[in-house]
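Got your viewer open? Let's take a walk through this one together, picking out one piece at a time.

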Amino acid sequence: MTSLREIVAQGCADGRRVETHRPWPRVVVTAEGWSAVTGELAAGRATMLGLWGESGVPGVVHMAAITEDDNEIAVLSLECPLQTFPSVGALHPAAIRLERAIHSLYGLKPVGAADTRPWLDLGFWDVESPLGPRLPAANPRPAYDFLPVEGENLHRIPVGPVHAGIIEPGHFRFTCAGETVARLEQRLGYVHKGIDSLMAGATIDRAAKLAARTSGDSTVAYGIAFARAVEAALEIEVPARAHYLRALMAELERLANHFGDIGAICNDASFAIMHAHCGILREQVLRAADACFGHRLMMDRVVPGGVAVDLRADAPAILRSALKIFRQRFPRLVELYDNTASLQDRTVSTGVVRADYAKQFGAPGYVGRASGRAFDSRKAIAYAPYDALDFTVPVLTAGDVNARVWIRVHEVEQSFALIEQILAGLPDGPIATPIDSANNGGEGLGFAEGFRGDVLAAVRLENGRVAHCHLRDPSWFQWPLLETAIEGNIVADFPLCNKSFNCSYSGHDL
């Protein structure tokens, strides 16, 4: 048995390590090495953090993985001279959609894959594999084959991609026996923006703005992940004050989204008063962010090298005042949620994600933590300033809607404490390190723990520009689990389950 650690060590020993990749190793592996790592994923000894393609002659597939026992990270790269690579998804289901996306974008074919249907390519493009061979698209395109379901008296309900309300588009195909869902199948990709293509050749400043707009509700998390990747590639030391200000923004972003989600989940259970009160708290967070950083979502405030703006002089007082209000009001809302029997009847035991599925898919954020997976990149990767801050990662095992609500509740409480620590320990000094655009470049991998889970950014820089960048949203490893969570539940509970996941369409569709 060849482990991930052994493959990395061998790659470093025989000279196939990419020396310009930082801070974790990247090694070019053989097909046998690639398959060996796939075996490690399938056996549960490693977790996949990302899987993406890259155009060129030959094309390349990359996989980031982390060991389960000691959180060691490595990137494995496999050259594809025949435009093929051994399927990871054949043994490790979490890779299936990522492989389908690689084939849609780059034309690289996973050999042995059980599911070869297109993913991001919905049949609207003029060419197939636009970032690879750019083959002329078939005209007309064949219809998409949804998976069959066998059984007596089944019927199908198509929902979307256009939905009621102001939400992103996605298609959901329910196969039901009466009101009970026998299978849910998703078809996403309607918010594909061509991020990989837009990144290629962009300046670092331009690329940072693109990264921050990949999923607008996580703009700070994406900004931090991209910035950390660039800083690793260029070996830039970020000022301590900038690290603290980034963390402050990240915790404000977490609070705003968790307040919004808790209220929205209750609203989908017809408990509108929670939605109203949580909406007020969310608005107060956004106003505090605007007062402190000049933008409600703090977009473009995180930049490679540090941050773009410093705290206003009155910002600490504004934040402490807001925290005082939150600490007064939020516990009352939690008590209201916990003591409302009709609400508990809707959330408890609904939409359960099995613990083994959460582990297998490396489920990030509250989805994984509600099902026993205690992974949080702020702890596991321990990036600054979280390595110097005191907080706990809440974990539950029930895996239902109620557990995902409670994980959010506990994370809100942890964010309160983190913001207080950040304000108390905020160092003086500069807020950014200038970036030398003439730097010859390098490669970097960066992470940030957003409110949904860990965001990954992989960057290669050449002559001060982005040669290649891949951004991975946590939703890639959450969307498939929503399909499993709704099975056996009634159709009317889907909005509740869906909102308790609150996966990003935009971040997933790239």
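What follows is a list of stops, each with something to select and something to look for. Keep in mind that this is a predicted model.

**Stop 1: a four-stranded sheet**

Start by selecting strands β2, β5, β4 and β3. In that order they make an open sheet of four strands, and the pairing is mixed. The edges are β2 (26–28) and β3, each of which pairs on one side only. Going from one strand to the next, the twist averages 20 degrees.

Now zoom in on β3 and β4. These two run antiparallel and are joined by eight bridges. For a single opposite pair, click on L51, which faces M63 in β4. Then add helix α3 (residues 96–106): it packs on this sheet and touches β3 and β4. The direction of α3 makes about 10 degrees with that of β3.

**Stop 2: the loop beside those strands**

Follow the chain from β3 (46–54) to β4 (59–67) and stop in the loop between them, where you'll find V57. Is V57 buried or exposed? Its relative accessibility is 87%, so V57 counts as exposed; the cut-off for that word is over 50%. Want to try the distance tool? Pick the C-alpha atoms of V57 and G351: they are 45 Å apart, and 294 residues separate the two along the chain.

**Stop 3: a buried histidine**

Next, select H21, which sits in strand β1 (residues 21–22). H21 has a relative accessibility of 5%, so it counts as buried; here the cut-off is under 20%. Which residues is H21 in contact with, once neighbours within four places in sequence are left aside? They are R26, V75, E443, G444 and L445.

**Stop 4: the nonpolar cores**

Time to look inside. The largest nonpolar core holds 149 residues, and W34, M199 and F226 have the most contacts within it. Helix α7 gives this core its largest share, 14 residues.

Show W34 with its side chain and see who surrounds it. Not counting neighbours within four places in sequence, W34 is in contact with several residues, including V29, V61, H62, L76, F85 and P86. L51 and M63, the opposite pair from the first stop, are also among the contacts of W34. Another core, of twelve residues, lies apart from the largest one; A64, I381, F447 and L456 are among its members.

**Stop 5: two helices side by side**

Select α7 (residues 240–268) again, this time with α16 (residues 494–501). How do you describe a pair like this? Two packed helices are described by the angle between their axes and the distance between the axes. Here the angle is about 175 degrees and the axes are 8 Å apart. Therefore α7 and α16 are roughly antiparallel to each other.

To see where they meet, show D261, A264, I265 and D268 on α7, then P495, L496, K499 and S500 on α16. Colour that contact by class and you get four nonpolar, one polar and three charged residues.

**Stop 6: a three-stranded sheet and its helix**

Move on to β10, β11 and β12. They form an open sheet in that order, with antiparallel pairing. β10 (154–159) and β12 (180–187) are the edge strands. β11 (residues 171–177) is joined to β12 by seven bridges. Look for two opposite pairs here: A177 faces T180, and C176 faces V181.

β11 and β12 form a hairpin with two residues between them, and G178 in the turn has a positive phi of about 65 degrees. Now bring in helix α15 (residues 479–486), which packs on the sheet and touches β11 and β12. Seven of the eight residues of α15 are buried, so the rest of the structure largely encloses it. W479, L482 and I486 are among those buried residues. Just after α15 comes G488, with a positive phi near 85 degrees.

**Stop 7: one last hairpin**

Finish with β16 (residues 454–462) and β17 (residues 465–472). They pair antiparallel over seven bridges, and V459 in this pair stands opposite C469 in β17. Two residues lie between the strands of this hairpin, and N463 takes a positive phi near 55 degrees. Is β17 mostly covered or mostly uncovered? It is mostly covered, with six of its eight residues buried.

Key: Residues numbered from 1 in each chain as written. Predicted model: local features only at pLDDT ≥ 70, side-chain atom pairs only at ≥ 80, totals over all residues. Heavy atoms only, no water. Axes fitted to C-alpha atoms, helices over the stretch in contact; angles between N-to-C directions. Parallel < 35°, antiparallel > 145°, perpendicular 65-115°, else oblique. Contact = heavy atoms within 4.5 Å. Nonpolar A, V, L, I, M, F, W, Y, C, P; charged D, E, K, R; others polar. Pairing = 2+ DSSP bridges. Core = buried A, V, L, I, M, F, W, Y, C linked by side-chain atoms within 4.5 Å. Buried < 20%, exposed > 50% of the residue type's maximum accessible area, 1.4 Å probe, protein only.
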